[in-house]
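Okay, thanks for coming, everyone. I'll put the structure up and then talk you through it.

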Amino acid sequence: MFIETAGPAAGIAPAGPAGRTATRRSKRRILSPYLYILPAVVLLLVWTYWPLGQTVNLSFNDWNLIPTRPKQYVDVQKYAKVLSLPELHQALINTGLYILAFLGISVALPLVFALLSRKVQGKARTAYQALIFVPFLITPVASSAIWRWLFAPEGGTIPAIAAALGAPMGNVFRDPDSSMTAVIVIVGWQMLGFGVLVVSAGLAGISPDYAAAASIDGASGRQITWRIIIPLLSPSLVFLALMTILLSAQWTYPIIDLVTQGGPGNSSTNIYYLLYQFGFRNFDAGLSSAAGTLFFLGFGLIALVFVELSERLSFYDN
Amino acid sequence: MAFITIAPPAQPGSADTSTVPERSKASGPTTAPAAGLRRTRFASLRLGSLRTVFLRTLPSHVLLIALAIVSIFPIYWMFVTAFRPPSDALSINPLPGPLSLENFQYVLKTIPIAGMLANTFGMALALAASQLLVAILASYGFARWDFVGKKALYLLFVGSWLVPFQVTMIPNYLLVSQMGLLNTITGVVIPQLCSAFAVMMLRQHLEAFPKDLLDASQMDGRSSWRTLWEVVVPNLRPALAALGIMLFISAWNEYLWPSLIMQKSDALIQVGIRGFLGAEGNNWGAIMAASSLACLPIFLIYIFLQRYVVDAFVRSGLK
């Protein structure tokens, strides 16, 4: 059946008049970009944008994730509820603190390290960079295990050193005052090297002619750093900062889940871990979706403001 | 005193060493002549300047050594603990030894870790391959043609950065469960077949691809499809390799989605050894042995392809 209909269609192309082949070809040319991007766009729509719409939809319903139980439309009740929950306030504060900590660890500290170590070049530099980058590659189950061992009250290296220095420490993961710091240490250990490498690569891309010219004009080392190097680095720095703000809640998620489960008493949780708890621990799809929708809008707004600001602040070397 | 007299010749020498690697970094393959030039110039001022260069960079070295120790010690300690006999697990001797494989034998006996590693390897390979393929096609479509709706469609990819996986995880989970793929590796792979990030990275490479080559290929009578596979892909091999390795490592280290989909399955290492780590409590030797096995493939990739790995990740941060 197939072959019979296909036969004549295939026959037309070579036999048809030149004009027809040309239109066919130009039609193909118009279509081809769409065909190339089709798989990616379809996958993105099915697995990112359609679910995003579903999340918004679920946020107006009461549903416990059991397929046989019908969803019940509750208007904005879930939003009202989630906004009044103390867990949400705690998670928002924590997320803000995490972001501040990682702005320090993966943007500011790398800038200092990269500036101070830029004189080291060649093979030594490659060797250092190779070592500094390793923690970034460690899988979350392993990094959480390593640090639980380093922090272990019995036999752990860090408590042993602390005790030797006269400041004994308990179980950092079980203490609400230190659980968040512990998560920051673990994730910071992984992100620091990445930040240093990104900033160093940015530094390496700045032509030394600028600094040379400025020093001939009598600029001091400090002036060169602040007036020339850092402004020229600003695109890298702005990008790192934006990544940190948008992604630090995702960086910390696996470690929170593996090491503290957000505890004790929500002291180390963050907004994304809260979404997981609402959805997959309390089986409240509406609550999780309402919070998720709010976070999505909030981060979207932050990103837009940031992009706008960076357009104005960034200094490009053209 | 001696310092000052030697300092002037060191000046051009040090300037030279600082510019050359940068230039070679910017233009990749032209390293060889630049390095040769540097070597000959460097040799002439080697004797005196080497010492001053060393003295001037000493504080930087100290700083970098400290940073390297902070980075490496936890990993070193993981291996040291893993290779100790279980009775010595609590030893605080910073040097390794006595060597023992007992912890590894225990892990292999207790959990099917070899199977988990093989499954995870297959999963990461499948994901990296599919993300690379989808990204090659899409970035080629974006880079080669101007078409109606190009900006809007590209915005879909950029915008997906703003949709965190945690926000869409419930609908994604329901979809996977409707497909009957809960607790399967397919269920882990399917939602991530397209990486918007890979599309954006590759598009930058393709925008920089010489248009003359594309035109020449078209004049030779190649279709756009054959041009892609016979002209573009062979020329982009280093970039594709770097991106592929990076996608593989990210897939291997992915935690959130496997932990949701594989709740009742131990097939993947991320989830499989989680239970083991919890159950073993304070048996640190065994826990470290299992952890070091979980990062082993990534370490092997890193040891042999270090340059690619660092370049790919760093460039992703550089934009």
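I'll go from model confidence to the two chains, then their interface, and finish with a few individual spots.

So, to be clear from the start, this is a predicted model. The overall scores are ipTM 0.85 and pTM 0.84. For chain B, the average pLDDT is 82, and 83% of the residues score at least 70. Which elements of chain B sit at the two ends of that scale? Helix α1 of chain B, residues 2-26, has the lowest mean pLDDT of the chain's elements, at 36. Helix α5 of chain B, residues 113-144, has the highest, at 94. And keep an eye on the beginning of that chain: across residues 1-44 of chain B the pLDDT is below 50. That stretch still has 36 contacts in the model beyond near neighbours in sequence.

Now the chains themselves. Chain A has 12 helices and two strands. If you walk along from the N terminus, the order is α-α-β-β-α-α-α-α-α-α-α-α-α-α. Chain B, on the other hand, comes out with 15 helices and zero strands.

How much of each chain is buried? In chain A, 40% of the 318 residues count as buried. In chain B, buried residues are 38% of 319. Then there's contact range. Take the contacts in chain A with a separation of 6 or more: 71% of them come from residues 24 or more positions apart. Do the count for chain B, again with a separation of 6 or more, and residues 24 or more positions apart account for 73%.

Next, the interface. We have 79 residues of chain B in contact with 81 residues of chain A. Which element gives the most to the chain B side? That's helix α3 of chain B, residues 46-82, which puts in 15 residues. As for the make-up of the chain B side, there are 53 nonpolar residues, 21 polar and five charged.

While we're on contacts between chains, have a look at B:Ala196. B:Ala196 lies in helix α9 of chain B, residues 196-207. Is B:Ala196 buried or exposed? Buried, because there are 22 C-beta neighbours inside 10 Å, and the cut-off is 20 or more. Setting aside neighbours within four places in sequence, B:Ala196 is in contact with B:Phe157, B:Ser160 and B:Trp161, plus A:Leu44 from the other chain. B:Leu214, meanwhile, is 18 residues away from B:Ala196 in sequence and 25 Å away in space, C-alpha to C-alpha.

Let me zoom in on one helix pair in chain A. Helix α6 of chain A, residues 140-150, packs with helix α10 of chain A, residues 221-260, at an angle of about 50 degrees, and the axes are 9 Å apart. So α6(A) is oblique to α10(A). The crossing of α6(A) past α10(A) is right-handed. Who makes the contact? From α6(A) we get A:Pro140, A:Val141, A:Ser144 and A:Arg148, and from α10(A) we get A:Pro254, A:Ile255, A:Leu258 and A:Val259. By class, the contact residues are six nonpolar, one polar and one charged.

Just along the chain, A:Gln261 sits in the loop between α10 and α11 of chain A, with α11 covering 271-281. What's the phi of A:Gln261? Near 50 degrees, so a positive value in a residue other than glycine. A:Gln261 counts as partly exposed because it has 17 C-beta neighbours inside 10 Å.

A:Phe283 is another one to click on. A:Phe283 has a positive phi of about 50 degrees, though it isn't a glycine. This residue is in the loop between α11 and α12 of chain A, with α12 at 285-313. A:Phe283 is partly exposed, because 13 other C-beta atoms lie within 10 Å.

Last stop, back over in chain B. B:Thr110 is in helix α4 of chain B, residues 102-110. B:Thr110 has 13 other C-beta atoms within 10 Å, so it is partly exposed. How far apart are B:Thr110 and B:Asp266 in sequence and in space? They're 156 residues apart in sequence and 13 Å apart in space, going C-alpha to C-alpha.

Okay, that's my tour. Happy to take questions.

Definitions and conventions:
Residues are numbered from 1 along each chain as its sequence is written. Chains are lettered from A and ligands numbered from 1 in the order in which they are written. This is a predicted model: local features need pLDDT of at least 70, side-chain atom pairs count only at pLDDT 80 or more; totals for chains, interfaces and linings use all residues. Two residues are in contact if their C-beta atoms, placed from the backbone, lie within 7 Å. Helices (H or I, at least four residues) and strands (E, at least two) are DSSP runs, numbered from the N terminus. Ala, Val, Leu, Ile, Met, Phe, Trp, Tyr, Cys and Pro count as nonpolar, Asp, Glu, Lys and Arg as charged, and the others, Gly among them, as polar. Axes are lines fitted to C-alpha atoms, for helices over the stretch in contact, and angles run from 0 to 180 degrees between N-to-C directions. Angles under 35 degrees count as roughly parallel, over 145 as roughly antiparallel, 65 to 115 as roughly perpendicular and the rest as oblique. A crossing is left-handed if the near helix is turned anticlockwise from the far one by less than a right angle, and right-handed if clockwise. A residue is buried if 20 or more other C-beta atoms lie within 10 Å of its own, exposed if 12 or fewer, and partly exposed in between; C-beta atoms are placed from the backbone. pLDDT is the predictor's confidence in each residue, from 0 to 100.
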